[in-house]
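Subject: Structure handover

Hi there,

Here is the structure I promised to pass on to you. Have a look at it first, and then read on for my notes.

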Amino acid sequence: ARHVPAADPCSREGLGAVEHVVIAALQIVGGYVVGPAASLLVDRYRIHKPMWIISILMGIVPVQLITTTNSFESALAVGLSIAVLNAPNSILLDSSTLRFLGDRSNEYGKIRLWGAIGWGLGSLVAGSVVQVFGDRLAFGMCGVLMLATAAVVLSLDFSGLDEDGAEEEDEDDEGGLPLFQIKLLIPSLKYAIFLMVAVVAG
């Protein structure tokens, strides 16, 4: 559920290069704006599971609407909707995985490896489906798989993670640490450089 496949509504309408770039750029900006805001809400109110499920389920709608776009405006609206609704997914996926691993966080790379294998196999299957049956069936399959992903998230037990988050929040409150303290967000120059490289590479 990290990336919604075929989430490029402008490619269906033969829009010009400028329109294509505008939609792609605004999708990125929309994700960067919504992602951190969603993270703050999730951590503050400890709503990991509800936020994740809502994001997945609501994200199904604009994906299905890709096939109905017939103008730059409609493609832009669908593209932004996909970016905004899909933004919390990657953040919640990574943070929840690390917290579930706990002391075994060194095994995170193994999980990412199998995630990449699944993404590659899924792309191969989706490409074959589009080639044989057309893209409309592929969008329907995407909706079904997103429902299955939401069901998997629903089956996970987040109670322990929420309790740990509450304890950490209480400790921060006792120490009088402000939520937006810059030193906590960017603890060193090396970290700041790393963030800059990540943004540019992204």
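Below is what turned up when I went through the structure.

Please keep in mind that this is a predicted model.

**The overall layout**

The protein chain is made of eight helices, with zero strands. Read from the N terminus, its elements follow the order α-α-α-α-α-α-α-α. The chain has 202 residues, and 28% of them count as buried.

**The core**

Which residues touch the most other members of the largest nonpolar core? They are W52, I56 and V153, in a core of 17 residues. At least two residues of this core come from each of helix 2, helix 3 and helix 5 (135–155). Helix 2 is the biggest contributor, giving six residues. As background, nonpolar side chains tend to be buried together in soluble globular proteins.

**Helix 2 and its partners far along the chain**

I53 is a handy residue to click on in helix 2. Its relative accessibility is 14%, so I53 counts as buried, the cut-off being under 20%. Two residues distant in sequence are worth displaying with it. The C-alpha atom of M146 is 9.7 Å from that of I53, although 93 residues separate the two along the chain. For A151 and I53, the C-alpha separation is 8.2 Å, with their positions 98 residues apart in the chain. A151 belongs to helix 5, and because its relative accessibility is 45%, A151 counts as partly exposed.

Now move on to the loop between helix 2 and helix 3, where you will find T67. Is T67 buried or exposed? T67 has a relative accessible area of 13%, so it is buried. The C-alpha atoms of T67 and R136 are 7.1 Å apart, while the two residues are 69 apart along the chain.

**Helix 3: its length, a kink and a salt bridge**

Helix 3 covers residues 72–101, which makes 30 residues. At 1.5 Å a residue, helix 3 should span 44 Å, and its end C-alpha atoms are indeed 44 Å apart, so the two values agree. Even so, have a look at N86: helix 3 has a kink of about 30° there, shortly before the proline P88. Just after helix 3 comes G102, with a positive phi of about 60°.

How many salt bridges does a search of the whole structure find? The answer is one. D94 and R112 form this salt bridge, and their closest N and O atoms are 3.9 Å apart. D94 is in helix 3 and R112 is in helix 4 (residues 108–133), so the pair ties together parts that are 18 residues apart in sequence. R112 counts as partly exposed because its relative accessibility is 40%.

**An unusual backbone angle at R46**

R46 sits in the loop between helix 1 (17–45) and helix 2 (48–65). Its phi is positive, at about 55°, although R46 is not a glycine. For comparison, most residues other than glycine have a negative phi. With a relative accessibility of 32%, R46 counts as partly exposed.

**A nonpolar patch on the surface**

V18, V22, L26, V29 and V33 make up a nonpolar patch on the surface, and together they have about 400 Å² of accessible area. The general rule to recall here is that an α-helix has 3.6 residues a turn, so residues three or four places apart point the same way. V33 is found in helix 1. Because its relative accessibility is 55%, V33 counts as exposed, the cut-off being over 50%.

**The last helix**

Helix 8 takes in residues 189–201, 13 residues in total. From its first C-alpha to its last, helix 8 reaches 18 Å, close to the 18 Å expected at 1.5 Å a residue. How many of its 13 residues are buried? The count is zero, and helix 8 is hardly covered.

Happy browsing, and do write back with any questions.

Best wishes

Conventions:
Residues numbered from 1 in each chain as written. Predicted model: local features only at pLDDT ≥ 70, side-chain atom pairs only at ≥ 80, totals over all residues. Heavy atoms only, no water. Helix = DSSP H or I, 4+ residues; strand = E, 2+ residues; numbered from the N terminus. Buried < 20%, exposed > 50% of the residue type's maximum accessible area, 1.4 Å probe, protein only. Expected span 1.5 Å × (residues − 1). Bend = angle between axes of the 7 residues up to and from the residue. Patch = residues over 30% accessible without salt bridge, like charges linked within 9 Å, V, L, I, M, F, W, Y side chains within 5 Å. Areas by Shrake-Rupley, 256 points an atom, 1.4 Å probe, with all protein chains shown as cover. Salt bridge = Lys/Arg side-chain N within 4 Å of Asp/Glu carboxyl O. Core = buried A, V, L, I, M, F, W, Y, C linked by side-chain atoms within 4.5 Å.
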